[in-house]
Amino acid sequence: MSLLKADQITMQFGGLTAVNNFNLELNKNEIVALIGPNGAGKTTAFNMITGVYNPTKGKIYFEGKDITGLRPDQITSLGIARTFQNIRLFKELSVLENVLIANHLNVKSNVFEAIFKLPRYMKEEKSMISKSIELLDKVGLGDLKYEKSSSLPYGKQRRLEIARALATNPKILLLDEPAAGMNPKETEDLTSFIKEIKEQFDLTIFMIEHHMQVVMGISNVIYVLDYGITIAQGSPYDIQNNQKVIEAYLGVSENDA
Amino acid sequence: MTLDVFLQHITNGISLGSLYALIAIGYTMVYGILRLINFAHGDIFMMATYFAFYGVVIFSLPWYFVFVFAIILTGILGIIVEKTAYKTLRDAPKISILISAIGASYLLENLAVVIFGGRPKAFPTPDLFNKVVQVGNISVQRLTFIIPVVTVALLFMLLYLINKTKSGMAMRAVSKDHETARLMGVDVDKTISFTFFIGSMLAAVGGIMWALKFPQIQPLMGVIPGLKCFIAAVIGGIGNVTGAVVGGFILGIGEIMLVALLPSLTGYRDAFAFILLIVILIFKPTGIMGEKISEKV
Amino acid sequence: MKKRNLILTIISIIVLAIFIFYADSNFDAYQVRILNLCAIYTILGLSMNLINGFTGLFSLGHAGFMAVGAYTTALLTMSLAAKEQNFFMQPLVAPLNSIVWPFLPSLLAGGLMAAFVAYLIGAPALRLKGDYLAIATLGFGEIIRVIFTNTQNITNGALGLKGIPSSTNLWWSFGIAIVTIIVLLSLINSSYGRAFKAIREDEIAAESMGINLFKHKSISFMIGAFFAGVGGGLLGSLLGTIDPLMFRFLLTFNILLIIVLGGMSSVTGTIISAFVITIAQEVLRFLDEPMNFGFAVVQITGLRMVIFSALLMVVVLFYRNGLMGSREFSWDKLIKLFKRNPLVKGGTK
């Protein structure tokens with residue numbers, strides 16, 4: 001059984017159909033990429049899966065359970081975490097706090113236990129902090145844990161955003177253009193980083209990406225969206241040789257039209 | 001309730017609604033262009049009545065001359081408020097701008113107390129407006145007819161300005177996107193000032209007619225109408241001028257009818273607007289004629 | 001390190017207690033009243049800052065919560081004779097007409113009532129954002145006031161309540177202020193507090209990190225309202241009379257002024273600014289009095305409020321972060337300051 005399945009999901013904004021009958025199947029431990037020109041509806045597809053938008057039509061199943069229309073926080077607590085295209089860190093807060101916040105969904109103590117520092121809460125807080133520090137060490141941000149998150153260099157902010165998503169204990173990680181704005185060296189680091197965390201955290205990864213170097217290098221399956229419609233899906237090799245995909249990216253040549 | 005009484009209430013409702021509508025337009029225009037609740041708008045409305053009052057009482061000038069003068073003066077006051085309280089904060093967090101708006105509102109009120117005195121003043125009503133007209137069995141003050149006519153006339157003028165003139169086009173462009181408008185050669189600051197000028201002048205017309213209808217003015221008179229008119233703008237769909245007028249009428253007629261049909265709830269009249277607001281915000285947050293603005297993720 | 005700070009905190013609380021003991025017997029009634037107001041405004045400022053500053057919800061309904069707290073406390077503590085005197089238009093409803101509670105449970109009941117009202121208001125209002133939330137909470141605050149003006153047999157309507165027992169003294173006001181500070185600091189630094197700040201920083205990201213926005217906003221809103229209710233109860237008892245007009249938007253504005261001046265996400269800033277503003281309000285009272293300029297005596301009524309509203313504008317326009325921004329007092333920082341500057345005398349907390 002697939003881990004995540006989107007069945008004919010469609011998103012309309014007024015008269016505009018941003019995503020039309022999108023189907024998706026993610027199997028455990030796969031890396032799946034979603035590509036397509038700007039405005040193709042990739043982020044909209046992400047937003048439907050993560051609950052930011054409620055699809056106009058269609059169903060989304062996670063581990064066989066219908067999750068369509070759940071709130072983003074409910075979906076995250078089921079085990080789907082994400083990052084954002086334009087980094088959305090909690091800017092004024094420290095690196096450690098950013099990760100700690102992602103741990104909050106596992107806190108069992110109620111607010112009174114937290115205020116009066118009762119034993120159960122103190123135990124949770126302690127383990128939360130040690131877990132977060134451990135995670136930051138793993139992703140190489142350990143030295144920066146008390147820095148304000150907005151003071152980090154761009155590449156590190158991206159990394160922190162991924163670490164923050166990992167802190168929610170996801171089964172699936174959704175990355176929205178993780179390599180955007182990175183130089184070749186950083187992109188290379190990121191590629192190996194994604195592979196690394198996939199193994200380390202036993203993840204399934206679904207990502208939007210423009211850097212073909214990243215996409216072709218690590219994806220098992222690639223989906224191509226154009227104007228909201230899935231024009232191709234398959235292995236990196238299939239996609240590279242797909243006529244429709246080439247047209248979507250390079251435009252239709254005079255003769256064919 | 002007989003038909004006559006009912007009609008009487010409706011006329012009053014329309015008249016009150018027209019006043020709300022005029023003030024609501026100012027809120028909606030400013031919100032459309034700056035995404036800001038101009039809390040000082042109600043106080044600008046109050047200031048207009050004092051300008052008119054002093055013109056007539058102290059300088060004993062003819063009323064039509066005074067009214068025009070007061071309206072223009074109020075428009076300039078609107079620009080001053082924008083330049084001092086909002087312009088420097090254009091890129092500031094929303095909460096700072098809102099606080100500044102509240103601060104501007106209080107400053108105007110307190111200045112009015114200091115300059116004009118806290119005690120209410122009787123507003124002189126020219127006889128022209130006071131005459132009672134007899135229509136069938138209902139007797140209506142002439143003013144009650146004049147108010148909606150003026151409102152509708154101004155609405156059409158405003159719609160023409162927004163949709164058919166160059167300044168109107170600039171306003172629409174700025175309301176969509178400041179940066180892009182600037183790149184297209186629109187003078188954003190000037191357009192914003194112009195919007196405040198027009199909105200404040202409309203508030204002045206509303207204020208003067210308000211003072212003619214309820215001829216007692218005092219420094220805090222703008223607070224409750226101000227809040228209600230903002231609500232009218234939200235009901236109609238904030239950012240939409242016609243919506244503001246529709247919202248104004250709904251609120252005005254609704255209030256009068258509430259008191260007429262359920263006299264036991266008279267004390268709750270001022271709460272009616274807020275309840276309506278909350279109902280609208282829950283069920284149709286974009287208002288009756290508003291467009292949906294979704295946040296980009 | 002931690003132990004040292006705890007000891008220092010305890011010592012400063014003891015110093016404060018000695019000061020209150022001294023003030024209680026040596027200060028005149030007017031000075032004691034101002035000190036009481038300072039402590040009460042600290043409570044009110046902190047409660048509003050939790051909602052507006054730390055959770056980023058622009059709520060303007062604070063006066064409403066205070067009204068609920070003040071009326072609840074007053075109605076529970078007033079003697080039966082006083083109740084009978086007040087309610088000559090319509091008798092007070094049962095069971096309020098036959099019970100008299102001690103001060104502390106009444107204050108707590110006032111806080112709980114305010115929290116309950118916040119729960120009811122929050123259900124629709126907290127689904128709104130930004131400006132809309134501001135105007136809806138302002139509306140609810142007004143609705144509460146209008147209801148209180150019209151429920152003659154519970155609140156005595158526009159006449160208000162007179163003869164509320166004056167139980168508020170420096171021990172109560174400062175004691176509760178300290179409890180408020182401790183509780184709020186503990187909350188803000190807990191996992192829940194971090195969730196609040198996350199919501200303030202970026203709602204969409206917070207929600208994507210598994211934070212239930214509505215639940216956490218409600219918690220913040222209700223805790224804030226609870227302390228606003230307690231503050232209202234203390235204030236009512238200090239003044240001895242309350243009426244619906246007291247709880248106009250102006251009151252919310254005053255508290256807003258405190259948190260903006262102090263810094264929107266600083267507990268320390270709010271405390272300092274509550275004292276500064278309350279004392280300044282009193283000191284500047286001369287502005288409203290006739291002033292003798294030698295050649296003429298001028299009386300400008302309302303000048304004081306002009307200065308306060310201008311002050312708010314100046315702070316927002318030019319010192320947006322207020323006194324403290326989001327910085328907080330800490331013993332470590334103070335001690336560092338001492339070490340660097342051994343000649344400078346440090347004040348107490």
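**Exercise 1. Describe how domain 1 and domain 2 of chain A are placed and where they meet.**

Solution. Begin with the separation: in this predicted model, the centres of domain 1 of chain A and domain 2 of chain A, taken over C-alpha atoms, are separated by 27 Å. Next, consider the contact between the two, to which domain 1 of chain A gives 10 residues and domain 2 of chain A gives eight residues. On the domain 1 side, the elements that supply two or more residues are helix 2 and helix 7 (184-200) of chain A, and that side comprises six nonpolar, three polar and one charged residues. Finally, place the bounds on the chain: the assignment gives domain 1 as 1-79 + 170-257, and domain 2 as 88-168.

**Exercise 2. Determine which elements of chain A touch chain C, and what classes of residue they present.**

Solution. Start with the extent of the contact, which takes 27 residues from chain A and 22 residues from chain C. On the chain A side, two or more residues come from each of helix 2 (72-78), helix 3 (95-103), helix 4 (111-115) and helix 5 (119-138). Sorting the residues of this side by class then yields 13 nonpolar, five polar and nine charged.

**Exercise 3. Assess how compact chain A is for its length.**

Solution. First list the secondary structure, which amounts to 10 helices and 10 strands in chain A. The radius of gyration of chain A is 19 Å, close to the 18 Å given by the globule rule for 257 residues, so chain A is as compact as a globular protein of that length. As a further step, note that 43% of the 257 residues of chain A count as buried.

How values were computed. Residues numbered from 1 in each chain as written. Chains lettered and ligands numbered in written order. Predicted model: local features only at pLDDT ≥ 70, side-chain atom pairs only at ≥ 80, totals over all residues. Contact = placed C-beta atoms within 7 Å. Helix = DSSP H or I, 4+ residues; strand = E, 2+ residues; numbered from the N terminus. Nonpolar A, V, L, I, M, F, W, Y, C, P; charged D, E, K, R; others polar. Rg over C-alpha atoms; globule rule 2.2 N^0.38 Å. Buried ≥ 20, exposed ≤ 12 C-beta atoms within 10 Å, placed from the backbone. Domains from an automatic or database assignment.
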